Amino acid sequence: QVTDTQNFTVTVDPELTITAAVAVTITHDTTDANQVFAAQSWTVTQNASAGASVTFSTNQAFTNATASMKRNAKLDLAMASSDTGSGWTVSVATDQTDYANVTPDEVATVSAAATAPGNAAFNLTVTFVDTDFSVLASGNYVTTVTGTITANP
């Protein structure tokens, strides 16, 4: 009797992506209240065996470059959805810049992590922290949020 074998293999390439929502602009409502942007949806895809970690960070406090004025930026992160078994949880849900501190802090960072392969969607809420509208110079106050995903070792 003679036998032979043939292997069949499916290769799954590594997947590690993060996708932001489009840029968004709001107009100040002229009150002394914080100006809160609608929650923005960010999606991540990953299939690392130990899961992945994701961070969302500002590049600066809200800055009006023309008037050289700043206001703090606050980030709030919440899970929108995740694949069953992926273990996605938010590890740092909120953070805020503090540009006026003796040691200025212009980076607010929130984060989440997974313990296994699986995709997720996050709701990121950005807030322009304001207390006195009357002292704001006109113009655009801008901050940029960068999302970074890294496979867990």
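This briefing covers the overall build, strand pairing, core and selected residues of one protein.

The model is predicted: local features need pLDDT of at least 70, side-chain atom pairs count only at pLDDT 80 or more, and totals for chains, interfaces and linings use all residues. Residues are numbered from 1 along each chain as its sequence is written, and side-chain values use heavy atoms, with hydrogens and water left out. The protein has zero helices and 12 strands. Helices (H or I, at least four residues) and strands (E, at least two) are DSSP runs, numbered from the N terminus.

**Overall build**

- In sequence order, the pattern reads β-β-β-β-β-β-β-β-β-β-β-β.
- The radius of gyration of the protein is 21 Å, whereas a compact globule of 153 residues would have one near 15 Å. This radius is taken over C-alpha atoms, and the globule rule is 2.2 Å times the number of residues to the power 0.38.
- The C-alpha trace spans about 95 × 30 × 25 Å along its principal axes.
- Of the 153 residues, 32% are buried. Buried means under 20% relative accessible area, exposed over 50%, and partly exposed in between (1.4 Å probe, protein chains only).
- The accessible surface is about 9,000 Å², and carbon and sulfur atoms hold 53% of that surface. Such areas come from the Shrake-Rupley method with a 1.4 Å probe; for residues, only the protein chains shown count as cover.
- Among contacts with a separation of 6 or more, 76% link residues 24 or more positions apart. Contact means heavy atoms within 4.5 Å.

**Strand pairing**

- Strand β7 (residues 73–82) runs antiparallel to β11, and nine bridges join the two. Two strands pair if DSSP finds at least two bridges between them.
- In this pairing, Met-79 stands opposite Phe-122 in β11.
- β7 also pairs with strand β9 (residues 94–96), antiparallel over three bridges.
- Here Asp-76 faces Thr-94 in β9.
- Asn-123 is another residue of strand β11. Asn-123 is partly exposed because its relative accessibility is 28%.
- Asn-123 and Ala-80 are 43 residues apart in sequence, but 5.9 Å apart in space from C-alpha to C-alpha.
- Beyond neighbours within four places in sequence, Asn-123 has contacts that include Ala-39, Gln-40, Ser-41 and Asp-76.

**The nonpolar core**

- The largest nonpolar core holds 25 residues. Such a core is a set of buried Ala, Val, Leu, Ile, Met, Phe, Trp, Tyr and Cys residues joined through side-chain atoms within 4.5 Å.
- Val-54, Phe-56, Trp-88, Phe-122 and Leu-124 have the most contacts inside this core.
- At least two core residues come from each of β3 (40–46), β4 (52–58), β7, β10 (109–113), β11 and β12.
- β11 gives the most, with five residues.
- Outside its neighbours within four places in sequence, Val-54 meets residues including Ile-18, Val-44, Trp-88, Val-110, Phe-122 and Ile-149.

**Two buried polar residues**

- Gln-46 sits in strand β3. Gln-46 counts as buried because its relative accessibility is 2%.
- The Gln-46 side chain reaches the backbone oxygen of Gly-118 at 2.9 Å. A polar contact is a pair of N or O atoms within 3.5 Å; within protein, one must be able to donate a hydrogen and the other to accept it, and residues adjacent in sequence count only if both atoms are side-chain atoms.
- Gln-46 also touches Glu-15, Leu-16 and Trp-88, among others more than four places away in sequence.
- Thr-143 lies in the loop between β11 (120–128) and β12 (145–151). Thr-143 is buried, as its relative accessible area is 16%.
- The side chains of Thr-143 and Asn-59 share a polar contact of 3.5 Å.
- A polar atom of the Thr-143 side chain also lies 2.6 Å from the backbone oxygen of Gln-60.
- Setting aside neighbours within four places in sequence, Thr-143 has contacts with Thr-58, Asn-59, Gln-60, Ala-61, Phe-62 and Ala-73.

**Positive phi in loops**

- Thr-30 is not a glycine, yet its phi is positive, at about 70 degrees.
- Thr-30 belongs to the loop between β1 (16–19) and β2 (35–36). Thr-30 counts as exposed because its relative accessibility is 52%.
- Ser-68, also not a glycine, has a positive phi of about 50 degrees.
- The loop between β5 (62–64) and β6 (69–71) contains Ser-68. Ser-68 is exposed, with a relative accessible area of 66%.
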